[in-house]
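Here is a protein model to explore together. Have a look at the picture first, and then we'll walk through it piece by piece.

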Amino acid sequence: MSTCSCYGLYVTGGFRTVAGMTQAINDNATDGIGLGRPATQEFDLPNNLINGTFQSTPFWRFGDDFNAALFACACQMSQAGLTEYFPDRGVNYGIMDLSNDKTFEEYQNAYNEFIKIITKKGEAGKFYFGIVPYQLNGRAIICEGVVSKF
Ligand SMILES: Cc1cc2nc3c(=O)[nH]c(=O)nc-3n(C[C@H](O)[C@H](O)[C@H](O)COP(=O)(O)O)c2cc1C
């Protein structure tokens with residue numbers, strides 16, 4: 001029976017250092033590396049890991065709290081989408097830098113307020129979800145409605 005080598009296996013989850021990524025590939029554990037959470041902080045991260053500028057992903061604030069991380073990642077992706085690109089500013093211009101203490105504190109305050117609203121609306125039988133309103137160029141990205149009773 002012939003085998004097909006035209007497909008590759010890529011693994012995502014927890015890769016944070018170039019050494020770890022390289023070892024996984026050299027050990028044939030995977031053909032390639034996927035990055036999720038660290039990639040929204042710096043949109044040129046894969047290039048910088050591959051070309052040797054960085055040896056690891058950026059400082060990470062959220063530990064294993066995937067829920068908090070998703071809100072932050074979604075906020076960063078929204079900021080990227082709302083920011084016009086100018087080559088001289090670089091691809092990360094307009095994206096909050098969560099390694100900065102002041103930015104992190106401000107974002108966390110906005111996040112905590114947002115979660116309070118989601119909770120309050122939920123208790124009133126309403127659906128409220130969206131992007132934490134932090135550095136969104138004054139935009140609100142919200143999905144709101146009433147939860148159906150079955
Ligand atoms: C913003 C964001 C969106 C994601 N969306 C998806 C998705 O649509 N489908 C999916 O299977 N995984 C999704 N994931 C999970 C990632 O693909 C990845 O498995 C997970 O983040 C673990 O990798 P990491 O440790 O590099 O973050 C998402 C992750 C993030 C941070």
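Let's start with the ligand. In this predicted model, helix α3 (residues 66–82) supplies the largest share of the shell around the ligand, namely three residues. The full set around the ligand is Thr12, Gly13, Gly14, Leu35, Gly36, Arg37, Leu70, Cys73 and Ala74. Sorted by class, that shell has four nonpolar residues, four polar ones and one charged one.

Now step back to the whole chain. The protein has four helices and four strands, and if you read from the N terminus, the order is β-α-β-α-α-α-β-β. How does its radius of gyration stand against that of a compact globule of 150 residues? The protein comes out at 19 Å, while such a globule would be near 15 Å. The C-alpha trace spans about 60 × 45 × 30 Å along the principal axes. Just to put a number on burial, 14% of the 150 residues count as buried. As for contacts with a separation of 6 or more, 39% are between residues 24 or more positions apart.

Next up, the inside. In soluble globular proteins, nonpolar side chains tend to be buried together. Here the largest nonpolar core has 11 residues: Phe71, Ala72, Cys75, Ile95, Met96, Leu98, Tyr107, Phe114, Ile131, Val132 and Tyr134. Two elements, α3 and α4, give two or more residues to this core, and α3 gives the most, with three. So what does one core member touch? Take Ile131: leaving out residues up to four places away in sequence, Ile131 touches Ala74, Cys75, Ser78, Leu136 and Ile141. You may recognise Ala74 from the list of residues around the ligand.

Helix α4 deserves a look of its own. This helix (residues 101–123) has 23 residues and reaches 33 Å from first C-alpha to last, close to the 33 Å expected at 1.5 Å a residue. After α4 comes Gly125, with a positive phi near 80°.

That brings us to backbone angles. Most residues other than glycine have a negative phi, and most peptide bonds are trans. Two asparagines in this model have a positive phi although neither is a glycine. Here they are side by side:

| Residue | Phi | Where it sits |
|---|---|---|
| Asn28 | about 60° | loop between α1 (18–26) and β2 (32–34) |
| Asn137 | about 55° | loop between β3 (126–130) and β4 (142–146) |

Are these two asparagines buried or exposed? The cut-off for exposed is 12 or fewer other C-beta atoms within 10 Å. Asn28 has 8 C-beta neighbours inside 10 Å, so Asn28 counts as exposed. Asn137 is exposed too, because Asn137 has 10 other C-beta atoms within 10 Å.

Let's finish with Tyr10, which lies in strand β1 (residues 10–12). Tyr10 is exposed because there are 9 other C-beta atoms within 10 Å. Which residues does Tyr10 contact, leaving aside its neighbours within four places in sequence? They are Thr30, Asp31, Gly32, Ile33 and Gly34. Strand β2 covers residues 32–34, so you can trace those contacts on the picture yourself, with β2 as a guide. For a pair at the other extreme, try Tyr10 and Arg139: they are 129 residues apart along the chain, and their C-alpha atoms are separated by 36 Å.

Notes
Residues are numbered from 1 along each chain as its sequence is written. This is a predicted model: local features need pLDDT of at least 70, side-chain atom pairs count only at pLDDT 80 or more; totals for chains, interfaces and linings use all residues. A residue is near a molecule or strand if its C-beta atom, placed from the backbone, lies within 6 Å of it. Ala, Val, Leu, Ile, Met, Phe, Trp, Tyr, Cys and Pro count as nonpolar, Asp, Glu, Lys and Arg as charged, and the others, Gly among them, as polar. The expected span of a helix is 1.5 Å times one less than its number of residues. A residue is buried if 20 or more other C-beta atoms lie within 10 Å of its own, exposed if 12 or fewer, and partly exposed in between; C-beta atoms are placed from the backbone. The radius of gyration is taken over C-alpha atoms; the globule rule is 2.2 Å times the number of residues to the power 0.38. Two residues are in contact if their C-beta atoms, placed from the backbone, lie within 7 Å. A nonpolar core is a set of buried Ala, Val, Leu, Ile, Met, Phe, Trp, Tyr and Cys residues joined through C-beta atoms within 7 Å.
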